[in-house]
Amino acid sequence: MEWTSVNDLREKFLSFFEGKSHTRLPSFPLVPQGDPSLLLINSGMAPMKKYFLGLETPPNKRVTTCQKCIRTPDIERVGHTARHGTYFEMLGNFSFGDYFKREAIGWAWEFFTEVLRIPKEKLHVSVYLDDDEAYDIWTKEIGVDPSHMVRLGKEDNFWEHGSGPCGPCSEIYFDRGSEKGCGSPDCHVGCDCDRYVEIWNIVFSQFDSDGAGNYAPMEHPNIDTGMGLERLACVMQGVENLFEVDTVQNIMKHISRIAGVEYGADDKTDISLRVITDHIRSTTFMIADGILPENEGRGYVLRRLLRRAARHGKLLGIDRPFLHEVAATVIAENRTAYPELSEHADYIAKVISAEEERFSRTLNQGMDVLFQLIDRLDTRMEKMLSGEQAFKLYDTFGFPIDLTREIVQEKGISIDEERFQKLMHEQRVRARRAREAQGGSSWGSDLLADLSEPQEFTGYSTLCGHAMVMAIVCGDARVEQMTEGQEGVLVLRSTPFYAESGGQVGDTGVIRCGDSLFEVQDCKKSATGYTLHIGTLLRGQLSVGAEVETQVDTERREAIRRNHSACHLLQYALRKVLGTHVHQAGSMVNETRCRFDFSHFEAMTPEQIEKTEQLVNEMIFAALPVEIREMPVEEAKKTGAMALFGEKYADIVRVCSMGGKSIELCGGTHVGNTMCIGLFKIVSESSVAAGVRRIEAATGYGVYQLLRSVDAMLEECAGVLKLQNTAELPQKLRALSAESREKDHRIAELESKIAASQVKDLFENAAEVEGTTLLVAGFAGVKPDVLRQMIDRAREIREDAVAIFYSTSDNKASIAVGATKKAIEKGIHSGKLVKEITSRVGGSGGGRPDSAMGGATEIFRIDEVMAQLPDILRAMMKK
């Protein structure tokens, strides 16, 4: 048994099963394809469910993979133990109705004892209690000593998950030696000690369960095996845990160099090193598969992991963004098996950097708020952080709940989790209702379940044709006929109408049958892939089986084509101007605009926008031919064709090439030559989410309409300013701007004088606290700068005084605090005082001992807090 690297182990396993007539498949993306039951791929078998359930045909009845996986139920334990991690790789060999127990068991033993040369005496095997067949194969055919065999019950050795395929399993264990055991003479496989480590699980899917305890034998049983690569590496490298295997250890060493600490020297720093090491592995692979930090779903998992890692970096004394540097080591250690990491290296680094910087901006402020809450709980002798407070930390400062939980637990404080989850649920409900309010139409696939005849799409080559009506849906029911005035859906045998997909809107047009006329107002795809022609029967009647004539709105389709092709040119131009980290994050193409969302982490400069626009127009004027070809997806990727992150593509795809520059996988409709686009104009550039920018643009006739609207606006402006022509506008606006600045200056001078006169009168109602004058006053609509001037004036009038002035506007408050030299000598600190005030009214602030500013959102509490000021000042003076 020789020391073997992680990368060599992976290759040896896959090569071994290729030699047993298995097809080696690359790891599936971490984003599940067509499986809404999973947030992230969490096992080697998960992407294979479609094959086991007969939903799709596998490329071979024998398949082998090394699948990247993410599991996060134990995220809070990661780091605190050396056993837990969120990212791992699962080796597996699968049989879909081909070989069964004898081959699966024999090959597992062969791989361990002959390829890896693990001593046979070190291996132990468990089987299901009643699985005599597997027991006999192990003992009588393989030759495993019965003393190395154990039978375990259903809980340990029977794989079942609800209804569906299930069966007994057999697990192979490695004996780490008696020195790792519990010392009991009865120690054996199944003991809770660390002596026997399970390394390979072989599942024999031979029954079909109804979920109620009834098991029917399957006609064609399957094999599903799983072996953790990192766990196998622990055995082959003779190390204690996954953080000590070669590839993972190299990542940790990089973190140690940055932090200036050594693993194993201190328990607390070890926890942080393990957290960062694990989380940067997970996040690097997640980003490579197209996941972006968000506040929901898998994007929230990514954000939690990144922010938890960043926080532990702070605990190690790293005071700058560093995770993107460590990601480079993750990529270097894994690039051979996962070339997509190298392909997206720049993109991965920029996503991580942007999230680190974003979190850093809110971390200090959020930590201040959290520690103020903790101090307040300590003062009140309380041990529970309210759900509202935890939710605000999440919603306002981006603190994942597990990060808040981890920090407060260190102080012996718990969280009102039930209330927090209730507030989270209410937020999700509001978001879902908002999405539903945006509109959209869905048609239940069960209404068309009996349709088996394929539908032909002719819209790439023609915009009209003849077809037969296959089905009619009115309301929530299938009908045989629809009559004049009814709204409904038609399903045709063939159609030139493009159904909304890939960001391109659905076609509109008409469908005729004699004198009957159906107006198509939109087209969408059913769950089973049929184009649904949604609209109204304007006259006559239509029946199932009728022969009809179809006609797409030609002018509208041509405009959509121009905008869609322009989107492709835009992506090419953005990658040239901004960098190859740019990837499409969404699009919407209709007849008036093209909207393109893309990965980028800061607003584009005017120069970048101009350069991008110019590059697109240069490609339009170059009259580049647009070539559409169909080819196998792997061949398409070799041409350099751009594909959407996480998108599932068929075996045969359409590749759209524009003069060999822009090459993308695309099922949409396009112009035949870029010159048909006419002209391209960027209308706006904005942010739509963290790390995602949006460009809206117009083409062709849309640019002409845009120019006309700009001309009309300029003419209107000239009319308002009583100018003869629009050319005079710049000079007039410069004059008005100068006049406005002069007025602003005069207003500021007047406000300052008014403020100074008001402050003197306010002292008549001032209070005394331990011999110091306390002046408190509230105003409406007074600007922060004026409040500062009033504070300065108050400090001039009295030698021993503290002044607090606040002003409310738009449900927010500005608070100014000032203290004289004598008040400061008594212990008053304006910066600390404004922090104390704002912490009680939902805000924050700070400043110098003599002058400070803050802001607040809970203005309904201000009067209550101002009434507490004498006590707050006394407490500050005593310190």
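In the predicted model, F16 and F17 are both buried. The two residues also form an aromatic pair with edge-to-face geometry, the ring centres lying 5.0 Å apart and the planes meeting at 90°. This pair belongs to a wider arrangement, in which ring pairs join F13, F16, F17, Y99, W107, F111, F112 and W200 into a cluster. In total, 30 aromatic pairs are found in the structure.

A further example is provided by Y394 and F420. The centres of these rings are separated by 6.3 Å and their planes are inclined at 85°, so the pair is classed as edge-to-face. Y394 is located in helix 13 (residues 387-397) and F420 in helix 15 (residues 417-437), so the pair ties together parts that lie 26 residues apart in sequence. Y394 has a relative accessible area of 4% and is therefore buried, the cut-off being under 20%. F420, with 2% relative accessibility, likewise counts as buried.

Two members of the aromatic cluster, F112 and W200, recur in the analysis of nonpolar packing. The largest nonpolar core comprises 113 residues, of which F112, W138, W200, M286, L323, L385 and F399 touch the most other members. Helix 12 (residues 345-379) makes the greatest contribution to this core, supplying twelve residues. When neighbours within four places in sequence are set aside, F112 is in contact with R117, I118, L123, I172, I199, W200, M227 and L232. Another core, of 29 residues, lies apart from the largest one and includes C567, L570, V616 and I677. In soluble globular proteins, nonpolar side chains tend to be buried together.

Aromatic rings also face charged groups. The charged end of K154 is positioned over the ring of F158, at 5.3 Å from the ring centre. In a second case, the charged end of R654 sits over the ring of Y460, 3.5 Å from its centre.

Cysteine residues were examined next. A search of the whole structure returned zero disulfides. For C191, the nearest cysteine sulfur is that of C193, at a distance of 3.6 Å; a disulfide requires sulfur atoms within 2.5 Å, so C191 is in no disulfide. C191 is partly exposed, its relative accessible area being 28%. C513 is likewise in no disulfide, and the nearest cysteine sulfur, belonging to C474, is 15 Å away. With a relative accessibility of 23%, C513 counts as partly exposed.

Methods. Residues are numbered from 1 along each chain as its sequence is written. This is a predicted model: local features need pLDDT of at least 70, side-chain atom pairs count only at pLDDT 80 or more; totals for chains, interfaces and linings use all residues. Side-chain values use heavy atoms; hydrogens and water are left out. A nonpolar core is a set of buried Ala, Val, Leu, Ile, Met, Phe, Trp, Tyr and Cys residues joined through side-chain atoms within 4.5 Å. Buried means under 20% relative accessible area, exposed over 50%, partly exposed in between (1.4 Å probe, protein chains only). Helices (H or I, at least four residues) and strands (E, at least two) are DSSP runs, numbered from the N terminus. Contact means heavy atoms within 4.5 Å. Rings of Phe, Tyr and Trp (its six-membered ring) pair if their centres lie within 6.5 Å; planes under 30 degrees apart count as stacked, over 60 as edge-to-face and the rest as tilted. A charge sits over a ring if NZ of Lys or CZ of Arg is within 6 Å of the ring centre and within 35 degrees of the ring normal.
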